[in-house]
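Reader: I have a new model on my screen and would like to talk through the words used to describe it. Could you take me through them one by one?

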Amino acid sequence: MICHLNTIERAILSRTDKLLQKSPKPVPFYKRLHVPMILVEARVIRRKAPAPVEPRMVGEKEEMLAELRQVRERTLAFIEETMDCDLSKYCMAHAFLGTLNGYEWLQFIASHQIRHTKQMREIAGSLPKTVTSLDK
C-alpha cells in the first residue's frame, strides 16, 4: 500500500510539474465539475488502482516509509515553490473524479492517503489477534 501511495503521489507531482511548464489552457465550466473529494476519503465506492504494484517495487517496511517521507517532502517543496502561482488555472483529468485543478490535485493526495489509512485500519481490525509475547 505504501508503494502505491508513493507511486501515485510521485506521478501527480511529475504531471503537475510538466503542466506548469506551459501556459494554462482554459477549461470550460462544465469540465471543471467533478465528483466531490469526500467520496475519495469515504471509501463508499471501491476503485482499482490504475496500475498494479509490481513485487520488484516493494521493499522493506522502513525503506518504503523513508521513500514515502521523501515523496512527501517533495510535495511540500512543490507547494512552497508554487506559492506565487495560481494553480487553479492548471487542470488535469482524473479517470474517475473528472477534471481537477492544481489545488484539487494536492487535495487529492491528502484524501488518497486518508482513504488508504482507513483501508489499512479496516484490514488490521479484521485480522485475528495474536500473542505477541510468550515471556509472561
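Author: Gladly! Let us begin with contacts along the chain: of those in the protein with a separation of 6 or more, 77% are between residues 24 or more positions apart. Please keep in mind that this is a predicted model.

Reader: What makes up the secondary structure of the protein, and which pattern does the protein follow along the sequence?

Author: There are five helices and two strands. Read along the sequence, they give α-α-α-α-β-β-α.

Reader: Why is α1 called roughly antiparallel to α5?

Author: The axes of α1 (residues 2–20) and α5 (residues 102–126) cross at roughly 175° and come within 11 Å. Angles over 145 degrees count as roughly antiparallel, so α1 is roughly antiparallel to α5.

Reader: Which residues of α1 and α5 meet?

Author: From α1 come H4, L5, I8, E9, I12 and R15, and they meet W105, F108, I109, H112, Q113 and H116 of α5. By class, the residues of this contact are six nonpolar, four polar and two charged.

Reader: Why does M37 count as buried?

Author: Buried means under 20% relative accessible area. M37 has 6% relative accessibility, so M37 counts as buried. Across the protein, 28% of the 136 residues count as buried.

Reader: Where is M37, and what is M37 in contact with beyond its neighbours within four places in sequence?

Author: You will find M37 in the loop between α2 (29–32) and α3 (38–42). Leaving aside those sequence neighbours, M37 is in contact with L97, L100, E104, Q107, F108 and S111. F108 also belongs to the contact of α1 with α5.

Reader: How do you know how far M37 is from H112 in space and along the chain?

Author: Their C-alpha atoms are separated by 9.2 Å, while M37 and H112 are 75 residues apart along the chain.

Reader: What lines the second largest pocket, and how much space lies in that pocket?

Author: About 190 Å³ of space lies there. The lining consists of K18, L19, K22, S23, P24, K25, V27, K89, Y90, C91, M92 and T99. At least two of the lining residues come from α1, and at least two from β1 (91–94).

Reader: What makes some residues of that lining charged and others nonpolar or polar?

Author: The class follows from the residue type: Lys, for example, counts as charged, because Asp, Glu, Lys and Arg make up that class. In the lining of the second largest pocket, four residues are charged, six nonpolar and two polar.

Definitions and conventions: Residues are numbered from 1 along each chain as its sequence is written. This is a predicted model: local features need pLDDT of at least 70, side-chain atom pairs count only at pLDDT 80 or more; totals for chains, interfaces and linings use all residues. Side-chain values use heavy atoms; hydrogens and water are left out. Axes are lines fitted to C-alpha atoms, for helices over the stretch in contact, and angles run from 0 to 180 degrees between N-to-C directions. Angles under 35 degrees count as roughly parallel, over 145 as roughly antiparallel, 65 to 115 as roughly perpendicular and the rest as oblique. Contact means heavy atoms within 4.5 Å. On a 1 Å grid over the protein atoms alone, a cavity is a set of points where a 1.4 Å probe fits but cannot get out, and a pocket is an open set with protein on both sides within 12 Å along at least five of seven lines; lining residues have an atom within 4 Å of a point. Grid points are joined across faces, edges and corners, and a volume is the space filled by probe spheres set on the points. Buried means under 20% relative accessible area, exposed over 50%, partly exposed in between (1.4 Å probe, protein chains only).
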